[in-house]
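Q: Please take a close look at one helix of this model, its end cap and the packing around it. I should then like the account to move outward to the surrounding parts of the chain.

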Amino acid sequence: MSPVRSDYQEGYSRINPAVLDKNGRRIKAEKIQTVLNTFYQHRRVSGMILDLGCSGGVILHHLTGKFDLKIGTDIDIAALKIAKRDYCYQNIEFICADGMNLPFKRDMFQYIICNHVYEHVPDSKRLFREIFRALIPGGVCYCAAGNALAIMEAHYHLPFLSWLPKRLAHRYIQVMNRGDSYYENHLTWWSFKKIISLFKIHDYTIQIIRHPELFVCSEIIKQGSWITRMPEWMWSFLFPFIPTWILILEKPNGEMK
């Protein structure tokens, strides 16, 4: 077990029980699976997969492929106990581990899932360097990342929360009776792009918006709605303001500089 820093957001499943919701997490797994299948052109995926911030293990359980081993990591002990209780079978393991200090060898995983995790760690740049290190050359990270410029903050459902300096954000959620402090650290696209610059970036955000039914997102975006029909040139302008980016981050062949 790798040491966990004291400034982490521990016990997140108690703050947000939705991460343990089996139906909601199953749908999320289907979305992730669809993006991976699209990237690999529906070839059978194989190798080792790591789910960072796996919580109760539902997503990892539902991901399909000829995986040699499926590993889930989290610092949420209570959630990991649920994962081990519900999904304890031959090729799946759950480990308490710090995403910024992964207890794995270099070049170990073909796939890593980083689903809305970066804003919950003290140092997101270090997180992505660890992801890069743990991936084999040519391996990929499915990355869903929230945007600091999103109008509605996804965790507390308060408008413009992530736009505010921390001192004002703390006060905002206190006044709105949503908690004692605002822990999450979202980035703008320009800042986020810098910390993932080690990878080759494959964007799936616009494809998902334009074809929500193909990516199991029809409950969020209605097929045929105005947003699915926006012209391509507008998305190049609006991309930095999209609430969530869905990316495949590919580790190039060769050593990290």
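A: The answer begins with the helix, follows its contacts into the interior, and ends at the surface.

The model is predicted: local features need pLDDT of at least 70, side-chain atom pairs count only at pLDDT 80 or more, and totals for chains, interfaces and linings use all residues. Residues are numbered from 1 along each chain as its sequence is written, and side-chain values use heavy atoms, with hydrogens and water left out.

The helix is α5, residues 124-134, and eight of its 11 residues are buried. Buried means under 20% relative accessible area, exposed over 50%, and partly exposed in between (1.4 Å probe, protein chains only). Helices (H or I, at least four residues) and strands (E, at least two) are DSSP runs numbered from the N terminus. The buried positions of α5 are S124, L127, F128, E130, I131, F132, R133 and A134. At the N-terminal end, D123 caps α5, with a side-chain oxygen 3.2 Å from the backbone nitrogen of K125.

The buried residues of α5 pack against five elements: β1 (46-52), β4 (109-115), β5, α7 (189-195) and β7 (244-250). Strand β5 covers residues 135-146. One residue of the helix, I131, shows this packing in detail: leaving aside residues up to four places away in sequence, I131 touches L52, I112, C114, C141 and F199 (contact: heavy atoms within 4.5 Å).

These contacts belong to a wider picture. In soluble globular proteins, nonpolar side chains tend to be buried together. The largest nonpolar core here has 41 residues, and I112, L127, F128, I131 and F192 touch the most other members. Such a core is a set of buried Ala, Val, Leu, Ile, Met, Phe, Trp, Tyr and Cys residues joined through side-chain atoms within 4.5 Å. At least two residues of this core come from each of β1, β2 (66-74), β4, α5, β5, α7, α8 (205-210) and β7. Helix α5 supplies the largest share, five residues. A second, separate core holds 30 residues, among them Y40, C54, F94 and Y142.

Strand β7, one of the packing partners of α5, contains E250. Not counting residues up to four places away in sequence, E250 touches F39, G138, G139, V140, F199, K200 and H202. F199 is thus named for a second time, having appeared among the contacts of I131. E250 and G139 are 111 residues apart in sequence, yet their C-alpha atoms are 5.8 Å apart in space. The side chain of E250 also makes a polar contact with that of H202, at 2.7 Å. A polar contact is a pair of N or O atoms within 3.5 Å; within protein, one must be able to donate a hydrogen and the other to accept it, and residues adjacent in sequence count only if both atoms are side-chain atoms.

Charged pairs come next. Side chains of opposite charge can pair when their charged atoms come close. There are seven salt bridges, each a side-chain nitrogen of Lys or Arg within 4 Å of a carboxyl oxygen of Asp or Glu. In one of them, the closest N and O atoms of K31 and E219 are 2.7 Å apart. This pair links distant parts of the chain, 188 residues apart: K31 is in helix α2 (residues 22-39), and E219 is in the loop between α8 and α9 (232-238). K31 is buried because its relative accessible area is 9%, whereas E219, at 52%, is exposed. Another bridge involves α8, which also contributes to the largest core: the side chains of R210 and E232 meet at 3.7 Å, N to O. This pair joins helix α8 to helix α9 across 22 residues of sequence. R210 is partly exposed, with a relative accessible area of 23%.

The loop that follows β5 leads back to the surface. H157 is found in the loop between β5 and α6 and has a positive phi of about 55° although it is not a glycine. H157 counts as exposed, at 53% relative accessibility. L164 lies in this loop as well, between β5 and α6 (166-175), and is partly exposed, at 32%.
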